[in-house]
There are 2 protein chains.
Amino acid sequence: MSSVTIKDIAKLAGVSHTTVSRALNDSPLINPETKERIKAIADSLNYAPNYSARSLVLDRSYNFGLFFSTLHKGTSAGFLYEAIKGVNDVIKDQFNLIVRGIDDYKSFHNVNRKSFDGLIVMSQSASDQPFIEYAAQIDIPLVVLNRPLDSVKVMNLVPDDQSGAFRVVEHLISRGHRDIAIIEGKAGFKSTEARRDGFREAMSRYEVPVRDEWIVRGNYDLESGHAGMIVLLDLPERPTAVFCSNDDMALGAIKAVTERGLRVPEDISVVGFDDHLFSSFMTPALTTVRRPIEEISRVGAMKLLSFIEKKQVEKSTVYFHTELVIRDSVKTITGGTN
Amino acid sequence: MSSVTIKDIAKLAGVSHTTVSRALNDSPLINPETKERIKAIADSLNYAPNYSARSLVLDRSYNFGLFFSTLHKGTSAGFLYEAIKGVNDVIKDQFNLIVRGIDDYKSFHNVNRKSFDGLIVMSQSASDQPFIEYAAQIDIPLVVLNRPLDSVKVMNLVPDDQSGAFRVVEHLISRGHRDIAIIEGKAGFKSTEARRDGFREAMSRYEVPVRDEWIVRGNYDLESGHAGMIVLLDLPERPTAVFCSNDDMALGAIKAVTERGLRVPEDISVVGFDDHLFSSFMTPALTTVRRPIEEISRVGAMKLLSFIEKKQVEKSTVYFHTELVIRDSVKTITGGTN
DNA sequence: AAGAGCGTTGTTAACGTGTGCAGCTCTATG
DNA sequence: CATAGAGCTGCACACGTTAACAACGCTCTT
């Protein structure tokens, strides 16, 4: 096989390798006819440029880094999927998309301008703060998605979790619920806080009391939703509705309800957050909040591309609208329970 | 800021850049003391090697390509997740993991030995046959996962879909079912065929007749499972059990059953294939077949690493055991329906 | 005392590409 | 006819790294 270089082409065309380089890069310096001739030869030889060599001289790696907090426990499949899909849609042929977990790295040495033209950080936890600060400090084109930052000044695209949580809890209240519990997300995740804040905001806005025993910890996975609901069901006084901080936990919670011989929403209402692919197909279909991860990823990748082109970055925080999706998991009740 | 090279280090250490290169690569030629001195300087300067330059001279890209048939419709989130997780676990710091959809490429020119040290193809459809043949032809280290190949000779790691389908249908029969329908997967996917074959094998082995109107087309997504089940429910003679070719479709199918005011498994039994993360949390928990995608990916990545190291590839097909997972979506019936 | 051999370091070229500058040819202009 | 300039092409070097080979000083052998 062996690989063909511009020098091989040059020899066949009877020109210097410089001319070949310019021809293939569509330089206006080259005579249109020779240009065509050279391109024809390159095609016939199946020439493909050596990106290592090009990178070396141009000081561009053609690598896009897409970094998640972790690729192990904690990142849901749907989240990964939407993020990759959104970014991949934008970058097409020009760049390599490199997917990694921040926690895969012992040292960040190898994350630098030589190896990456730009970085997209899908931040899910405060634990990647050091990475983000490192990236900001080495002055590499950077966008941080999903998690709002306070300290570092970067391009920051995030879903408006708090107002989403507010709306779904407001929805419960509007359906007559006043005994509302929350199963919280993973400790340390900013989204956990934002959703809790939205919950509290709605409760206080509508003057519904929050009861401590109806606030239970979760960690965003199915099992924790299941366990959390069991805790709630075992309470002497049960809530009439439960706000689960994501759909995975809502699924686990509904499972727990069913195991007890109770039904959703007849005996207890459940709402989630995320609008996972399967949420509309659950029994009952889940009322939840749609978080536009794919769109955020797409926009983030486009921003990053423009930073690289223009060699200049903007820094600002953009919130993306979250949307209440009403389905069948909430019962309308008329009187309060007490 | 600016990036530091081995020449900078050389200047500070008062040696030649060659010596620095050797020291950092732990060459036995270098005096241990100078070696330590050079390493210390490198550390203090936060030196990181320029991979483009290294790649150019060593003819290694340090890139692993993980290719899916498509990153658009057709690849489920769970599948993508498990595959990435499995591969990422193995490669750690040494390589970049580049994730792409085969259908993102107009031409395969840029997929070559210069840009990739090795390729992992997560094949889901016959449509990526040209890509696989191309890869085999340019003689790049290659493993093809998930879909069994007949023509091309490569390292091919696949789940034993047929025997999995056989077992889950056998399970239905052992529970007394004889009126069994199938909702098939996406046309053109090898897995669709294998699961259909397993279904037919079980039916014929136990001498249960297959009825044409109980074979309905699907395409592996939720909606098609939903639609498929509606077709079956509208039939004058309904089956007592339905084998859905994956869990997504099973979820859609169960949804359709519920919408009709019927129940699973009391009125109709449903089984799936894949054992998705959410399958155990559905209502009812789904009886299905576990397909070890993560394990296949991990083993595939390890094989590929060893090919690259040893500069020599093996070619064989390895089947990975699929496992029947019995849950609550199948009813035991005593007499047949006719 | 001369040479062989070892341990350590430096010189130089190479990988494939892009680019500043010089140089060529040809035409237009005075 | 001389010259300027436009249009095109080539020379030579650069990017940062590795590696073959040469070369150095030193010790040991004969």
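Q: Which residues of chain A does the UniProt annotation "domain: HTH lacI-type" cover?
A: The model here is a predicted one. The label itself comes from the UniProt record, an unreviewed entry. According to that record, the annotated stretch of chain A is residues 4–58.

Q: How much of the span 4–58 of chain A is helix, and how much is strand?
A: Start with the two ends of this stretch: their C-alpha atoms lie 20 Å apart. As for what sits in the span, strand comes to 0% and helix to 67%.

Q: Into which domains is chain A divided?
A: One of the pieces, domain 2, is written as two segments, 63–158 + 293–320. Domain 1 takes 6–49, and domain 3 takes 161–291. So that you can place two of them, the C-alpha centres of domain 1 and domain 2 of chain A lie 37 Å apart. The division of chain A is thus domain 1 (6–49), domain 2 (63–158 + 293–320) and domain 3 (161–291).

Q: What rotation superposes chain B on chain A?
A: Laying chain B over chain A gives an RMSD of 0.1 Å, with 0.0 Å of shift along the rotation axis. The two copies are therefore related as by a two-fold rotation axis. The rotation asked for is 180°.

Q: Why do the copies meet through the same surface?
A: Take the interface residues of chain B and look for them in the interface of chain A. The copies meet through the same surface because the share of chain B interface residues that are also interface residues in chain A is 100%.

Q: At what angle do helix H5 and helix H11 of chain A pack?
A: H5 is residues 77–91 and H11 is residues 293–310, and their axes are 7 Å apart. Their crossing is right-handed. Among the residues making the contact are A:Phe79, A:Ala83 and A:Val87 of H5(A), along with A:Ile293, A:Ala301 and A:Leu305 of H11(A). The packing angle is about 35°.

Q: Is B:Ile9 buried or exposed?
A: You'll find B:Ile9 in helix H1 (residues 6–13) of chain B. Leaving out residues up to four places away in sequence, B:Ile9 touches B:Val4, B:Val20, B:Leu24, B:Ile38, B:Ile41, B:Ala42, B:Leu45 and B:Tyr47. Its relative accessibility is 0%, so B:Ile9 counts as buried.

Q: Which residues in helix H6 of chain B are buried?
A: This helix runs over residues 129–137. The cover over its buried residues includes strand E1 (63–68), strand E3 (118–122) and strand E4 (142–145) of chain B. Just after H6(B) comes B:Asp139, with a positive phi near 65°. The buried residues in the helix are B:Gln129, B:Phe131, B:Ile132, B:Tyr134 and B:Ala135.

Q: What separation do the C-alpha atoms of B:Ile9 and B:Phe131 have?
A: B:Ile9 belongs to helix H1, while B:Phe131 is one of the buried residues of H6. Along the chain the two are 122 residues apart. Their C-alpha atoms are separated by 44 Å.

Q: Why does B:His276 count as buried?
A: B:His276 is placed in the loop between strand E9 (269–271) and strand E10 (288–290) of chain B. Not counting residues up to four places away in sequence, it touches B:Ser76, B:Gly78, B:Asp247 and B:Asp248. Buried means under 20% relative accessible area. B:His276 counts as buried because its relative accessibility is 12%.

Q: What is the phi of B:Asn146?
A: Most residues other than glycine have a negative phi. B:Asn146 has a positive one, and it isn't glycine. This residue is in the loop between E4 and strand E5 (155–159) of chain B, and it is buried, with a relative accessible area of 11%. Its phi is near 80°.

Q: Where does A:Asn46, with its positive phi, lie?
A: A:Asn46 is a residue other than glycine, and its phi is near 55°. Its place is the loop between helix H3 (32–44) and helix H4 (51–58) of chain A.

Q: Which residue does a cis peptide bond join to B:Val264?
A: Most peptide bonds are trans. In chain B this bond is cis, with omega about 5°. The partner is found in the loop between helix H10 (247–259) and E9 of chain B. The residue joined to B:Val264 is B:Pro265.

Technical notes
Residues numbered from 1 in each chain as written. Chains lettered and ligands numbered in written order. Predicted model: local features only at pLDDT ≥ 70, side-chain atom pairs only at ≥ 80, totals over all residues. Heavy atoms only, no water. Least-squares fit on C-alpha atoms with pLDDT ≥ 70 in both. Contact = heavy atoms within 4.5 Å. UniProt positions renumbered as here; feature names shortened; annotations may be inferred. Helix = DSSP H or I, 4+ residues; strand = E, 2+ residues; numbered from the N terminus. Axes fitted to C-alpha atoms, helices over the stretch in contact; angles between N-to-C directions. Left-handed = near helix turned anticlockwise from the far one by under 90°. Buried < 20%, exposed > 50% of the residue type's maximum accessible area, 1.4 Å probe, protein only.
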